[in-house]
Amino acid sequence: MKWTEPAYAKINLTLDILGRLENGYHSLSTVMQSVSLCDQVTMTREQEGGILVDCGGKAPSGPDNIVWKAARIFFDFCGIPESEQHVRFLVEKNIPSQAGMGGGSSDGAAALRLLNRTYETGLSAEILRQLGSRVGADVPFCITGGTLEAAGFGEVLTPAPAMPDCGLLLCKPPIGVSTPEAFRQSDRAPAVPPKTPDMLAALHSGELNRIAACLNNRFEDILQLPEIEEIIARMKANGALNAIMTGSGSTVFGLYATEEKARKAVSSLTGLGEIFVAAPVPAVSL
């Protein structure tokens, strides 16, 4: 029998860098939102073979894969007998890699949900998030997704008001952004007041124009990449209420009043990168 679970991409409506912690991580304040662009993770129970992961050649298939790591941690935590640890995961990749949209993290979270359901272990979202935090910084958010405020290095999650219906246009340019280098540059940049409290107030209001005005990403401010600035300018010139980079990059998303308006702007980005039209999605159930 096969079980399939969507692994939704995420965007950062805000991303504040509050400082460097003693353990080398950085303290963040961010509001994250799941979007309809997703990978599909299919799991089957097998008679032998251990943990097998197939990403169609778009990601590692062994112990370096986040799905493999998630399964290993799940089995160890739950004390599943070795004779029952035979599973195969097929990951259909649609979310670009190294894009700031949490594609790998979402795959790992989907794997944990599938394992929890099929092995009938009944782990709570909080326990799954604790397991996910050992796999990747964005995995705890991706366990349920939706609209959440995240603090610490992404592991302290608080529900936020749901984002209203709107259209999202995503563009992943060919350039990549090194997350460690982005953080190194942030360490040298002057401190600025956090923007996340303004976004939370805007979400409470439910006013899309106010939410758009509060979009902010400190990495974008620090890096000032011409390719990113060009995409943002084109989105704003073609109907976006606002546009920013997500995560440490390099994907840019534009916020539009409707999905139809987002689709009408697609042609304006021709030649700038991979383009996707999406919408906000609510939290998933376990």
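**Notebook: Asp39 and the aromatic pairs**

I looked up Asp39 first and found that its side chain reaches the backbone nitrogen of Asn94 at 2.7 Å, a polar contact being a pair of N or O atoms within 3.5 Å where, within protein, one must be able to donate a hydrogen and the other to accept it, and where residues adjacent in sequence count only if both atoms are side-chain atoms. The model is predicted, so I note that local features need pLDDT of at least 70 and side-chain atom pairs pLDDT 80 or more, while totals for chains, interfaces and linings use all residues. Residues are numbered from 1 along each chain as its sequence is written, and side-chain values use heavy atoms, without hydrogens and water.

I placed Asp39 in strand β2 (residues 26-45), strands being DSSP runs of E with at least two residues and helices runs of H or I with at least four, numbered from the N terminus. Asp39 has a relative accessible area of 0% and is therefore buried (under 20%; exposed is over 50%, partly exposed in between, with a 1.4 Å probe and protein chains only). Among the residues that Asp39 touches, leaving out those up to four places away in sequence, I list Glu5, Glu92, Asn94 and Asp107, with contact meaning heavy atoms within 4.5 Å.

I then counted 4 aromatic pairs, for which ring centres of Phe, Tyr or Trp (its six-membered ring) must lie within 6.5 Å, with planes under 30 degrees apart stacked, over 60 edge-to-face and the rest tilted. Phe183 and Phe219 are edge-to-face, because their centres are 5.0 Å apart and their planes at 80 degrees.
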